[in-house]
Amino acid sequence: PPAHSHNDWIGPPDKHSNLRPVIFYVPPEESPLEQRLREARQEAQACNQRFWARHNRAFRQEKEEFICSRLKAKGLELRDETGQKATLNAEEMADFYKDFLSKNFRKHMQYNRDWYKRNFTITFLMGQVALARALRWLRWKKKNVEH
Amino acid sequence: GLFVWRLKGTGTRHIPCHFVHLCRAANDRLITFQYFNFLKRMYVTQYNKDLSQRAKPKSDPVVSPFHEPQQLDQEKRVLHKISPVAPVHQPWPETSRRSEMRGVKTPAETEASAARAEPREDRQWKEMKLRLDELPGILARLSKIKLTALVVSTTSAGFAMAPVPFDLPCFLLASLGTGLASCAANSINQFFEVPFDSNMNRTKNRPLVRGQISPLLAVCFAASCGVPGIALLTLGVNPLTGALGAFNIFLYTCCYTPMKRLSIANTWVGALVGAIPPVMGWTAATGSLDAGALLLGGILYSWQFPHFNALSWGLREDYSRGGYCMMSVTHPGLCRRVALRHCLALIGLSAVAPVLDVTTWTFPIISLPINLYISYLGFRFYRDADRSSSRKLFFCSLWHLPMLLLVMFTCKKSVLDKEDKGDLLGKGESPGRAMEIRLP
């Protein structure tokens, strides 16, 4: 993002986590409240990134392993004559999906609780910051009118 | 087009719905059918099981006599153009019932070109500044405007089926209030589901995911839609409808959305969310919760299952990875059983309609063929449990509901046939001096 910009910038989705990274703008006179908000958002972003990157990687890995083991059980090769990777059809993959979901249930529960908490906190802070800014602007306006 | 509103609307999961507008005239029906096929060919079906989209009921193909079919069609076409169609990687992409657009697989070139166009725009860093000229489009996507339209049409179906003289102001207020409530619910849903939406193909282009709008603004928008919407329903229509609207918002945002990740019971909650709008339409007209309202709600409730379960069958991978607890992933047998069960329930419910004086005896007879057909497809899905049978069932459900509601409307029992009309007129709580039009 350009150096002169006064806004946050959001980028393309990350390869592993599918989340879009945000580069936060730090204003020169950042109030403590605004700092809290920015740090909360940065923390949430980092946390989300960690979780999803790890989770998606695990999914891909386990999926590969599952396909491998199933193909071996069936006595087939990993790649067919044309060099394409052999895949299983949806019905065979269903067992894997079911398994994966139940294995990660607890992890998701934890993440959900965490995410909801963070989301509410951040939005509430945003509200506070917006209110503070509005009051500041009104005060500035009043001062200007008086002079 | 056919709007299919169904479950899962995870904010992201939204797929544009096709709205099928069925007209009464035979040639209109032909046109509708052609349009539907056209839509099928044009769009990629993205079905997002996420209930987030489940917010409101499906489109209501029943066109009230006060509607202009052509105008609606145009609106639909415009609506379709608004939402971008995200490239789909799977042959049958996730469909989000509830929300967004649902498209049929596009021909290879369209998909390829869409896939090429999207990444180019996607690879850039964008400034997170709110642009006023983009705001209407952003808010439309945030509120899942297409799904909302479907919900409103279901509500108008409920209103139209109520055995009272048609009251236009009341109808408009009820539709507006329901639409605002639906916008609010959908926005909150998207607000809750940002990281999950980013990870699913169907929903990854939602405004909050892309950072086009801040979460604070999304919440403010939701509040500014929800509060006036419910107030409108409570004060402008009647308190019962307002209460149902508020309850539905609560059910969708605070029950269905979190439950999607907790237990498969979310599907039943979502079906209930879909069933409430027609009930709201009915109570808006009559002011009371009659058996007829419950029947209409029941029909929509039952419809949700074949629709959603068939859809979710093709989205199992994304659900599994995203951590969504859906029947199709964890209890596939149950998923198919429930779908079949509710197809059959539709036959039963249609038969009950004349008993409750909602329709004449012609309704169960005329609707029997389509109900039998969807039950047959439900049975095939139950037995075969494969992609093609689930697709057939899903697409059938898309036209089945509009047609059913249309037939129901045409078979509606005339108000004049009723014995004590005085009783009926006393029930209604129409706020304004409306023109009282006697329905045939």
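Visitor: What domains does the assignment give for chain B?
Guide: This is a predicted model. The domain assignment splits chain B in two. Domain 2 covers 290-414. Domain 1 is written as two segments, 132-272 + 283-288.

Visitor: How many Å separate the centres of domain 1 and domain 2 of chain B?
Guide: The centres are taken over C-alpha atoms. For domain 1 and domain 2 of chain B, the separation is 22 Å.

Visitor: How many residues of domain 2 of chain B are in contact with domain 1, and what area do the two bury?
Guide: Domain 1 of chain B brings 24 residues to the contact, and domain 2 brings 27 residues. Carbon and sulfur atoms carry 65% of the buried area. That area is about 2200 Å².

Visitor: Which three residues supply the most of the area that domain 1 of chain B buries against domain 2?
Guide: The top three give 30% of the area on the domain 1 side. No other three residues of that side supply as much. They are B:Met161, B:Ile264 and B:Trp268.

Visitor: How many salt bridges and how many polar contacts link domain 1 and domain 2 of chain B?
Guide: The salt-bridge count between these domains is zero. Polar contacts do cross the interface, with both residues at pLDDT 80 or more. The rule finds eight residue pairs.

Visitor: Which element gives the most residues to the side of domain 1 of chain B that touches domain 2?
Guide: Two elements of chain B give two or more residues to that side, α5 (145-161) and α11 (266-286). By class, the side has 12 nonpolar, nine polar and three charged residues. With six residues, the element that gives the most is α11(B).

Visitor: What area is buried between chain B and chain A?
Guide: The contact takes 42 residues from chain B and 41 residues from chain A. Carbon and sulfur atoms give 62% of the buried area. The total is about 3700 Å².

Visitor: Which three residues supply the most of the area that chain B buries against chain A?
Guide: Their share is 20% of what chain B buries there. That is more than any other three residues supply. The three are B:Trp125, B:Met128 and B:Arg321.

Visitor: Which side chains form the salt bridge between chain B and chain A?
Guide: The count between the two chains is one salt bridge. Its N to O distance is 3.0 Å. The side chains belong to B:Glu317 and A:Lys63.

Visitor: Which element gives the largest share of the side of chain B that touches chain A?
Guide: Between the chains there are 16 residue pairs in polar contact, both residues at pLDDT 80 or more. Elements giving two or more residues to the chain B side include β2 (126-127), α9 (215-237) and α13 (316-322). The largest share is six residues, from α13(B).

Visitor: How many charged residues lie on the side of chain B that touches chain A?
Guide: That side has 19 nonpolar and 10 polar residues. The charged residues number 13.

Visitor: Which residue in β2(B) is the bridge partner of A:Trp9?
Guide: Strand β1 (residues 9-10) of chain A pairs with β2(B). The sense is antiparallel, over two bridges. The partner of A:Trp9 is B:Glu127.

Visitor: Which helix holds both A:Asp114 and A:Arg118?
Guide: Over all chains, the structure holds 15 salt bridges. The side chains of A:Asp114 and A:Arg118 meet in a salt bridge, 3.2 Å from N to O. The two residues lie four residues apart, about one turn of the helix. That helix is α3 (residues 105-146) of chain A.

Conventions
Residues numbered from 1 in each chain as written. Chains lettered and ligands numbered in written order. Predicted model: local features only at pLDDT ≥ 70, side-chain atom pairs only at ≥ 80, totals over all residues. Heavy atoms only, no water. Contact = heavy atoms within 4.5 Å. Buried area = accessible area lost by both parts, 1.4 Å probe. Salt bridge = Lys/Arg side-chain N within 4 Å of Asp/Glu carboxyl O. Polar contact = N/O pair within 3.5 Å; in protein donor to acceptor, adjacent residues only side chain to side chain. Nonpolar A, V, L, I, M, F, W, Y, C, P; charged D, E, K, R; others polar. Pairing = 2+ DSSP bridges. Domains from an automatic or database assignment.
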